[in-house]
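Okay, thanks for making time for this one. I'd like to walk you through a structure, so let me put it up on the screen.

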Amino acid sequence: MQIEPTTLTPEATYRLLSGLVVPRPIAWITTLSPSGVLNLAPFSCFTFVSNKPPLLGVNVGRKAGRRKDTGAHIHHRGEYVVHIGNSSQLNAIHESSAEHPEDVSEAELLGLATAPSETVAVPRLADAPVAMECRLSQVIGFGDTGAEFIVGEVTRFHLRDGLVRDGKVETLELDPVCRIGGPNYATLGRIVTLRQMKQTAKAAM
Ligand SMILES: Cc1cc2nc3c(=O)[nH]c(=O)nc-3n(C[C@H](O)[C@H](O)[C@H](O)COP(=O)(O)O)c2cc1C
């Protein structure tokens with residue numbers, strides 16, 4: 001089967017790409033509205049784009065032509081917190097994607113405990129295994145839908161005790177979840193360990 005991309009609607013292209021580019025990690029993001037309401041939503045167009053400094057990138061789309069609350073709040077305050085949730089939080093991750101008016105806090109609605117951050121004013125989720133406080137670095141628009149790739153510098157890592165040993169993340173301990181297509185998710189499958197390949201310092205990112 002072949003598909004000529006220009007024959008697809010943007011919705012069909014979204015369904016195709018979001019089913020093909022899998023599994024995607026999920027950035028579970030808290031932001032603060034201009035009036036101080038804590039917003040929470042998941043985003044799976046997510047990766048890291050630099051390690052010096054540590055930069056995370058997330059693609060935030062629009063709803064009915066307007067920036068989603070997360071995007072609008074990041075533009076407004078320049079601060080946010082990216083969490084990595086685990087499988088016990090999957091339901092809350094999914095539920096937090098529901099649309100609510102800006103004055104409704106998804107974190108409060110879902111009964112999720114929060115804690116103050118250290119370097120940003122935006123609170124973090126107290127029970128997420130990972131919380132990365134971020135300061136906005138760059139916004140890059142892509143395509144015709146108004147989607148924005150938002151890049152932020154991590155200004156503090158919060159890692160649950162026991163998650164990192166000798167500088168390495170204990171992946172089973174992290175127990176991350178990922179998005180497949182639509183409302184489908186996956187947890188960690190089998191971990192396969194291969195031999196270490198030689199890399200020059202230049203080749204290592
Ligand atoms: C697991 C998951 C991943 C998602 N990933 C994205 C994404 O990468 N980009 C995006 O714009 N919306 C994504 N969404 C949809 C947003 O979470 C949804 O539009 C949400 O209502 C946005 O909330 P906000 O308006 O409070 O920012 C995702 C939804 C789910 C359930």
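Let me start with a small puzzle: leaving aside its neighbours within four places in sequence, which residues is T187 in contact with? Have a look while I say the obligatory bit: this is a predicted model.

Right, the contacts of T187 outside that sequence window are S87 and V177. T187 sits in strand β16. With 12 other C-beta atoms within 10 Å, T187 counts as exposed, because the cut-off for that class is 12 or fewer. And if you want a long-range distance to hold on to, the C-alpha atoms of T187 and A27 are 15 Å apart, with those positions 160 residues apart along the chain.

So what does β16 belong to? An open sheet of three strands, in the order β1-β15-β16, with antiparallel pairing. The edges are β1 (24-25) and β16 (185-187); each has a single partner strand, so one side of each has no neighbour in the sheet. On the β1 side, two bridges connect β1 to β15, residues 177-179, antiparallel. If you'd like one pair to click on, R24 has R179 in β15 as its bridge partner.

Now the other sheet. Here seven strands make an open sheet, and the order is β3-β2-β8-β11-β12-β5-β4, with antiparallel pairing. The edge strands are β3 and β4 (46-51), each pairing on one side only. On average, neighbouring strands in this sheet are turned by 35° against each other, direction ignored. Then there's a helix on it: α2 packs on the sheet and touches β2 (27-32), β3, β5, β8, β11 and β12, and its direction makes about 55° with that of β2.

Let me go across the pairings. β2 and β8 run antiparallel with three bridges, and T30 stands opposite V81 in β8. Next along, β8 (residues 79-84) pairs with β11 (residues 130-141) over six bridges, antiparallel again. In that pairing V81 has E133 as its bridge partner, and Y80 stands opposite C134. Then β11 and β12 (residues 148-159) are joined by 11 bridges, antiparallel, with C134 opposite V154. So C134 gives you a nice path to follow by eye: Y80 in β8, then C134, then V154 in β12. Those two strands, β11 and β12, form a hairpin with six residues between them, and G143 in the turn has a positive phi of about 70°. Finally, β5 and β12 run antiparallel with six bridges, and N59 has F149 as its partner in β12.

One more residue on β11, then: is G141 buried or exposed? G141 lies in that strand, and with 10 C-beta neighbours inside 10 Å it counts as exposed. Its C-alpha is 9.7 Å from that of V60, 81 residues away along the chain.

β8 is another story. Six of its six residues are buried, and that covers both faces: E79, V81 and H83 on one side, Y80, V82 and I84 on the other. V81 and V82 turn up again in the largest nonpolar core, which has 33 residues; A27, I29, V81, V82 and M132 have the most contacts inside it. The elements giving two or more residues to that core are β2, β3, β5, β8, α3 (90-95), β11 and β12. Take I29 as an example: beyond four places in sequence, I29 contacts A41, F43, T70, Y80, V81 and V82.

Two of those names, A41 and T70, bring us to the ligand. How many residues surround the ligand? It's 17, and the closest are A41, G61, D69, T70 and S97. Two or more shell residues each come from β3 (38-43), β5 (54-60) and α2 (69-77). β3 gives the largest share, four residues. For anyone thinking about electrostatics, the shell splits into six nonpolar, seven polar and four charged.

And back to α2 for a second: D69, T70, G71, H73 and I74 in that helix are buried. Just after the helix, G78 takes a positive phi of about 70°.

That's my tour, so over to you for questions.

Note on methods. Residues numbered from 1 in each chain as written. Predicted model: local features only at pLDDT ≥ 70, side-chain atom pairs only at ≥ 80, totals over all residues. Near = placed C-beta within 6 Å. Nonpolar A, V, L, I, M, F, W, Y, C, P; charged D, E, K, R; others polar. Pairing = 2+ DSSP bridges. Axes fitted to C-alpha atoms, helices over the stretch in contact; angles between N-to-C directions. Contact = placed C-beta atoms within 7 Å. Core = buried A, V, L, I, M, F, W, Y, C linked by C-beta atoms within 7 Å. Buried ≥ 20, exposed ≤ 12 C-beta atoms within 10 Å, placed from the backbone.
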